[in-house]
Amino acid sequence: MATDGQFEYESILCVKPEVNVYRIPPRASNRAIRAADWKLDAPDWTGRMRVTARGKVAYVKLEDKVSGELFAQAPVEEYPGVAVETVSDSSRYFVLRIMDDNGGSGTDYMH
């Protein structure tokens, strides 16, 4: 196997058939994120979440639940880390740091 992960197999670790996604605006301070601050009854997107692993990296993938088209993904190289962050008032919700295809930092989403 190649050491750069190019030829490593991708394993599916978990599938959630329906998840809600909420777009989080930029933070105004270092205050912890609270799920209660967002309109939880009005998600910005609903779809499927798959957690996969390739080599030592896990990927949280948000996909269309019918077509399987990728909406966004967050590579998770370590936890805790910057890719996945807990919210202060819930164990059900978390924040994902979405990366674009070029590896640039993207948008924060709350699940």
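This is a short talk on the strands, salt bridges and ring contacts of one protein model.

Good morning. A word on confidence to begin with. The model is predicted. The average pLDDT of the protein is 82. A score of at least 70 is reached by 81% of the residues. Confidence varies along the chain, so here are the two ends of the range by element. Strand β2, residues 45–54, has the highest mean pLDDT, at 95. Strand β7, residues 105–110, has the lowest, at 53. Where pLDDT is low, the coordinates should not be read in detail. Please keep that in mind for strand β7, with its mean of 53.

Now the overall layout. How many helices and strands does the protein have? Zero helices, and seven strands. Read from the start of the sequence, the pattern is β-β-β-β-β-β-β. The protein has 111 residues, and 32% of them count as buried. Next, contacts along the sequence. Take the contacts with a separation of 6 or more. Of those, 45% are between residues 24 or more positions apart.

On to charges. Side chains of opposite charge can pair when their charged atoms come close. The count here is five salt bridges. I will walk through three.

Start with Glu-10 and Lys-61. Their side chains form a salt bridge, at 2.8 Å from N to O. Glu-10 is in strand β1, residues 10–23, and Lys-61 is in strand β3, residues 57–63. The two are 51 residues apart, and the pair links distant parts of the chain. Is each partner buried or exposed, or somewhere in between? Glu-10 has 36% relative accessibility, so Glu-10 counts as partly exposed. Lys-61 has 11%, so Lys-61 counts as buried.

The second bridge joins Arg-48 and Glu-63. The closest N and O atoms are 2.7 Å apart. This pair also connects distant parts of the chain, with Arg-48 in strand β2 and Glu-63 in strand β3, 15 residues apart. Arg-48 counts as partly exposed because its relative accessibility is 22%. Glu-63 is at 4%, and therefore counts as buried.

The third is Glu-63 again, this time with Arg-50. The closest N and O atoms are 2.9 Å apart. Glu-63 lies in strand β3 and Arg-50 in strand β2, so the pair ties together parts 13 residues apart in sequence. Arg-50 counts as buried, because its relative accessibility is 17%. There is also a network to point out. Glu-10, Arg-54 and Lys-61 are joined into one network by salt bridges that share partners.

Let me stay with Glu-63. Its place is in strand β3. What does Glu-63 touch, leaving out residues up to four places away in sequence? The list is Trp-45, Gly-47, Arg-48, Arg-50, Gly-68, Glu-69, Leu-70 and Phe-71. Two of these are its salt-bridge partners, Arg-48 and Arg-50. The side chains of Glu-63 and Arg-48 also make a polar contact of 2.7 Å. With Arg-50, the polar contact is 2.9 Å. One further distance for Glu-63. Pro-17 is 46 residues away in sequence, and 9.6 Å away in space, C-alpha to C-alpha.

Now the rings. Trp-45 and Phe-71 were both in that contact list for Glu-63. A search of the whole structure finds one aromatic pair. Why does the pair of Trp-45 and Phe-71 count as stacked? Their ring centres are 4.4 Å apart and their planes are at 10°, so the pair is stacked. The cut-off for stacked is planes under 30 degrees apart. Trp-45 is in strand β2 and Phe-71 is in strand β4, residues 70–76. They are 26 residues apart, and the pair links distant parts of the chain. Trp-45 has a relative accessible area of 16%, so Trp-45 is buried. Phe-71 is at 36%, so Phe-71 counts as partly exposed.

One last contact. Lys-61 comes back here. Lys-61 lies over the face of Tyr-59, at 6.0 Å from the ring centre. Lys-61 is also the salt-bridge partner of Glu-10.

To recap. Seven strands, zero helices. Five salt bridges. One aromatic pair. And Glu-63, buried at 4% relative accessibility, pairs with Arg-48 and with Arg-50. Thank you.

Methods: Residues numbered from 1 in each chain as written. Predicted model: local features only at pLDDT ≥ 70, side-chain atom pairs only at ≥ 80, totals over all residues. Heavy atoms only, no water. pLDDT = per-residue confidence, 0-100. Helix = DSSP H or I, 4+ residues; strand = E, 2+ residues; numbered from the N terminus. Salt bridge = Lys/Arg side-chain N within 4 Å of Asp/Glu carboxyl O. Buried < 20%, exposed > 50% of the residue type's maximum accessible area, 1.4 Å probe, protein only. Polar contact = N/O pair within 3.5 Å; in protein donor to acceptor, adjacent residues only side chain to side chain. Contact = heavy atoms within 4.5 Å. Phe/Tyr/Trp six-rings, centres within 6.5 Å; stacked < 30°, edge-to-face > 60°. Lys NZ or Arg CZ within 6 Å of the ring centre and 35° of its normal.
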